[in-house]
Protein chains: 2
Amino acid sequence: MTLAYKELETRFAHLATFREAIGILTWDRETTMPRGGAPGRADQLAALEGLCHGMLSEPSVGDLLEQAEGESGALEEAQQANIRAMRRVWRHANAVPADLVEAQSRACSACQGVWLEARPAADFAAFLPTFSEVINLTRQSAAAKADAMETSPYDALLDEYDPGLTEARIDPLFERLADVLPGHLEHARANQREPEPLAGPFPIADQEALGRKLMAATGFDFERGRLDVSAHPFTGGATGDVRITTRYDENDFASGIMGVMHETGHALYEQGLPDAWVGQPAGRDAGMSIHESQSLLIEMQVGRGRPFLEFLAPLLRETYGGDGPGWQVDNLVRLSNRVEPGFIRVDADEITYPFHIILRYRLERDLLSGNLDPADLPPAWNDGLEALLGIRPPDDRLGCLQDIHWSDGLIGYFPTYTLGALAAAQLYRAALDAHPEIPDGLRRGDFGVLLSWLRGNVHQWGAILTTDELIEKATGAPLSTAAFENHLAERYGG
Amino acid sequence: MTLAYKELETRFAHLATFREAIGILTWDRETTMPRGGAPGRADQLAALEGLCHGMLSEPSVGDLLEQAEGESGALEEAQQANIRAMRRVWRHANAVPADLVEAQSRACSACQGVWLEARPAADFAAFLPTFSEVINLTRQSAAAKADAMETSPYDALLDEYDPGLTEARIDPLFERLADVLPGHLEHARANQREPEPLAGPFPIADQEALGRKLMAATGFDFERGRLDVSAHPFTGGATGDVRITTRYDENDFASGIMGVMHETGHALYEQGLPDAWVGQPAGRDAGMSIHESQSLLIEMQVGRGRPFLEFLAPLLRETYGGDGPGWQVDNLVRLSNRVEPGFIRVDADEITYPFHIILRYRLERDLLSGNLDPADLPPAWNDGLEALLGIRPPDDRLGCLQDIHWSDGLIGYFPTYTLGALAAAQLYRAALDAHPEIPDGLRRGDFGVLLSWLRGNVHQWGAILTTDELIEKATGAPLSTAAFENHLAERYGG
């Protein structure tokens with residue numbers, strides 16, 4: 001280890017500590033904070049973000065990075081990966097002036113506040129002014145990053161969420177999906193049998209208790225994490241304190257449970273990140289595509305598959321006193337895998353979900369480039385969805401106001417959902433090939449073999465391997481749509 | 001306003017933002033955090049404390065203070081008070097080197113962790129090593145502050161919790177109490193009638209709902225605050241987000257309710273601090289004696305008085321389906337005002353409570369001066385309590401391990417509890433003299449007149465007036481034991 005490298009480790013560990021404080025304060029804002037706390041919390045988060053930005057933009061950090069890179073022959077491979085990850089974090093921070101970062105933080109806080117009221121009211125006009133400001137600032141930030149990274153503005157944003165991801169990497173994958181998914185969709189819709197709906201109410205306390213049981217079965221460690229409620233499910237918190245949220249609907253137990261399964265996938269990844277690299281960039285996740293692959297592997301690949309539903313069915317009957325054919329595995333399989341074009345991304349099945357992403361991918365590139373004026377988003381959205389899925393939102397609540405992401409300045413994030421779905425299929429296939437006994441375990445609620453494969457092949461690598469390296473090492477092939485297509489064919493026939 | 005003053009306001013507002021982040025993270029640690037989050041949280045809090053300390057110890061702050069003090073003729077009175085409050089904060093921070101501050105933070109985190117296990121096990125030997133370290137570091141810190149402030153080490157610590165408080169101010173008050181309280185105690189015990197105990201269980205959800213009803217009656221604003229549960233009740237959070245906690249006992253509704261009343265008193269003060277001074281030292285509380293006066297005014301003066309109990313009695317009967325003479329006001333008065341020497345400070349009645357404080361006051365001065373070795377604390381404690389109250393703790397759980405304060409390095413804090421009790425009696429007397437209709441309001445659960453008097457005479461002043469100025473202005477006399485003695489005579493006869 002070189003002196004420069006050691007000093008960088010100290011600096012980044014200090015930075016990570018403030019980032020963890022941000023993680024807890026953000027979680028609290030979404031789950032716990034009373035309304036009156038909002039202005040103060042915005043100040044706290046902006047001050048902490050500004051502080052982190054300041055730590056990264058001290059000139060000495062750039063000097064240390066150059067020095068450590070020059071001496072990187074003296075470092076172990078993982079340390080070299082850590083330096084690369086540091087450089088990337090540094091590059092994103094230093095490309096953008098501090099006052100722009102703070103302006104973005106404030107604009108996003110304001111825009112999210114407006115969005116919370118504008119969405120239920122389907123009031124795009126109310127949303128537009130703060131949204132335009134967020135897009136305007138994001139354009140400035142993307143341009144500055146593109147300059148510093150010698151890449152396109154959109155690729156510069158993609159790299160924030162998934163290191164090294166580019167449009168060039170996404171385009172062929174999304175084009176292939178746009179080609180083959182209509183066939184899968186048609187086939188699934190023609191062949192699916194109507195499930196019998198299960199009648200509630202399903203008391204929320206019971207849903208929560210069942211969620212905790214499922215989390216425990218997957219291997220979630222409650223000594224190092226929590227389950228709570230928020231308007232939009234997410235995974236947050238800090239090292240040793242991984243907090244997931246879900247939301248419950250008294251008339252539909254599935255949304256709460258699948259929220260729990262999805263976030264538990266994220267949380268297992270967080271809880272499995274390498275202890276030896278806590279506080280270092282190399283000890284974080286490999287990027288949002290891999291992160292999403294872990295949530296979708298648990299929710300979609302496992303959670304909606306027959307073996308797990310065989311474990312779930314008796315638990316459901318016991319929890320809700322259910323009886324009759326609706327509560328049998330066959331019907332749960334039908335309920336969990338029903339395919340139907342709809343307006344809302346988060347309610348979409350796994351065949352139509354990528355269409356929602358492709359729509360957002362197209363629109364956000366145009367918003368960023370200026371080809372699409374924020375004021376023209378609603379018709380562009382509605383036309384785009386109609387072209388892809390044949391349905392047209394009746395209002396903006398069911399259209400372009402449905403997601404929180406853009407109001408939070410998250411542009412370049414959406415593609416990782418579908419890349420995650422592809423990676424989930426490919427990783428799960430590899431796990432099954434290595435351990436054909438996994439489904440038998442799931443039937444008994446035993447996730448041990450699967451979790452241990454994920455720990456060894458995904459979680460423990462943190463960001464030491466890149467997304468591409470990790471997938472190739474774990475599955476023997478680069479990321480493609482093949483495993484996902486096979487999965488759809490297997491699950492939906494065709 | 002001068003330029004130097006304006007720049008100081010900006011700096012202190014920034015500092016306050018980080019302090020508010022610390023407030024939320026500390027609240028979370030006590031109410032929400034899973035065990036596994038503890039090491040990370042200790043790092044986060046230490047880093048933020050270090051940051052705040054660093055902001056205050058920048059040489060430019062000292063220069064700005066000198067400049068602003070020199071130009072203070074150009075400032076309004078409240079701004080001058082703000083400068084004085086800044087100087088005090090600055091003096092405390094700059095008297096102590098940063099590495100000692102961080103060592104204290106870490107030692108206190110460690111000691112509190114040990115205390116959590118040592119207390120129920122009555123294991124002083126396990127507690128001693130980390131406790132000795134806390135005392136050792138507190139001595140160093142107090143010595144450094146005494147040096148900088150040209151005062152005694154103990155007075156330097158007192159000033160942390162109550163600006164300007166000194167041993168010389170406390171001694172005559174505590175000596176008078178030590179003289180007169182035995183007579184009140186004897187009289188009350190001889191004359192009190194045995195209350196009829198109320199049999200539980202009292203479901204916790206009902207206790208919580210009742211607590212919220214009482215909070216709402218006092219004027220607590222739930223849009224700007226919360227009620228939660230922790231092992232030890234406290235008031236925390238941030239501006240616009242004042243969070244109180246209590247603990248519930250299924251077999252005793254009184255402890256949960258009185259916890260709520262006590263912390264609500266603190267919270268009303270926090271919610272009533274002057275909006276115009278948010279983020280400035282002058283906009284904080286006047287000190288812990290006034291803070292405690294607000295909690296004790298609500299809990300002891302109001303909450304255990306007959307008018308309020310007339311409001312509470314039907315609510316209790318309705319909540320718990322209670323019936324018979326035990327649930328009538330007379331019995332509630334007897335239950336709420338029962339006097340009996342006991343080992344535990346937080347369970348003490350208002351006559352014996354000051355003895356517990358006098359004991360800690362004597363011991364902590366000796367711990368700080370080195371006259372008492374931490375290893376010798378248990379016998380010193382037991383001898384001291386026996387001399388004051390005639391009872392001897394059978395073990396250290398009921399003796400010197402009962403409080404969290406010293407494990408958290410809080411030395412010089414305890415006296416403010418009893419000064420707060422004196423101030424509560426004196427302020428409530430003044431409020432009653434100004435508005436004899438207050439008790440009639442309380443009988444109906446209407447706190448409006450009382451709250452408005454407190455807002456105008458206490459809360460809105462923040463730290464613009466000193467403790468002594470505030471009490472003299474609100475009550476027409478300096479703080480003394482007279483109102484408290486009259487209150488005891490009135491409530492307990494004699």
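## A hairpin pair in chain B

Strand E2 of chain B is joined to strand E3 (residues 241-246) of chain B by four bridges, and the two run antiparallel. The model is predicted: local features need pLDDT of at least 70, side-chain atom pairs count only at pLDDT 80 or more, and totals for chains, interfaces and linings use all residues. Residues are numbered from 1 along each chain as its sequence is written, while chains are lettered from A and ligands numbered from 1 in the order in which they are written.

Helices (H or I, at least four residues) and strands (E, at least two) are DSSP runs, numbered from the N terminus. Strands pair if DSSP finds at least two bridges between them. Within the E2(B)-E3(B) pair, Gly237(B) has Val242(B) as its bridge partner in E3(B).

## The sheet of chain B

The sheet is open and has three strands, in the order E1-E3-E2 (chain B), with mixed pairing. Its edges are strand E1 (225-229) and strand E2 (235-238) of chain B, each pairing on one side only. From one strand to the next, the twist averages 25 degrees.

Helix H1 (residues 3-31) of chain B lies across E1, E2 and E3 of chain B. H1 runs at about 135 degrees to E2(B). Axes here are lines fitted to C-alpha atoms, for helices over the stretch in contact, and angles run from 0 to 180 degrees between N-to-C directions.

## Strand E3 in chain A

In chain A, E1(A) and E3(A) run parallel and are joined by five bridges. Asp228(A) has Thr245(A) as its bridge partner in E3(A). Strand E2 (residues 235-238) of chain A pairs with E3(A) in the antiparallel sense, over four bridges. There, Gly236(A) is matched with its bridge partner Arg243(A) in E3(A). E2(A) and E3(A) form a hairpin with two residues between them. Gly240(A), in the turn, has a positive phi of about 75 degrees.

Is strand E3 of chain A enclosed or open, and why? Six of its six residues are buried, so E3 (residues 241-246) of chain A is largely enclosed by the rest of the structure. A residue is buried if 20 or more other C-beta atoms lie within 10 Å of its own, exposed if 12 or fewer, and partly exposed in between; C-beta atoms are placed from the backbone. In a regular strand the side chains alternate between the two faces of the sheet. Both faces of E3(A) are covered: one side carries Asp241(A), Arg243(A) and Thr245(A), the other Val242(A), Ile244(A) and Thr246(A), all buried.

## How the two chains meet

In the interface, 28 residues of chain A are in contact (C-beta atoms, placed from the backbone, within 7 Å) with 28 residues of chain B. Helix H1 (3-31), helix H2 (38-57) and strand E1 (225-229) of chain A each supply at least two residues to the chain A side. H1(A) gives the most, with eight residues. By class, this side of chain A has 11 nonpolar, nine polar and eight charged residues. Ala, Val, Leu, Ile, Met, Phe, Trp, Tyr, Cys and Pro count as nonpolar, Asp, Glu, Lys and Arg as charged, and the others, Gly among them, as polar.

A turn of 180 degrees and a shift of 0.0 Å along the axis lay chain A on chain B with an RMSD of 0.0 Å. The two copies are thus related as by a two-fold rotation axis. In chain A, the C-alpha nearest the axis is that of Leu25(A), 3.7 Å from it. Superposition is by least squares on the C-alpha atoms of residues with pLDDT of at least 70 in both copies. The copies meet through the same surface, because 100% of the interface residues of chain A are also interface residues in chain B.

## Core and backbone details

The largest nonpolar core has 241 residues, and those with the most contacts inside it are Ala424(A) and Ala424(B). Such a core is a set of buried Ala, Val, Leu, Ile, Met, Phe, Trp, Tyr and Cys residues joined through C-beta atoms within 7 Å. Beyond neighbours within four places in sequence, Ala424(A) is in contact with Ser293(A), Leu296(A), Leu297(A), Met300(A) and Gln301(A).

The peptide bond from Gly200(A) to Pro201(A) is cis, with omega near 0 degrees. Pro201(A) lies in the loop between helix H8 (167-191) and helix H9 (204-218) of chain A. In chain B, a cis peptide bond joins Gly200(B) and Pro201(B). Ala122(A), not a glycine, has a positive phi of about 50 degrees. With 17 C-beta neighbours inside 10 Å, Ala122(A) counts as partly exposed. Glu150(A) also has a positive phi, near 50 degrees. Glu150(A) counts as exposed, because it has 8 C-beta neighbours inside 10 Å.

Conventions:
Contact = placed C-beta atoms within 7 Å.
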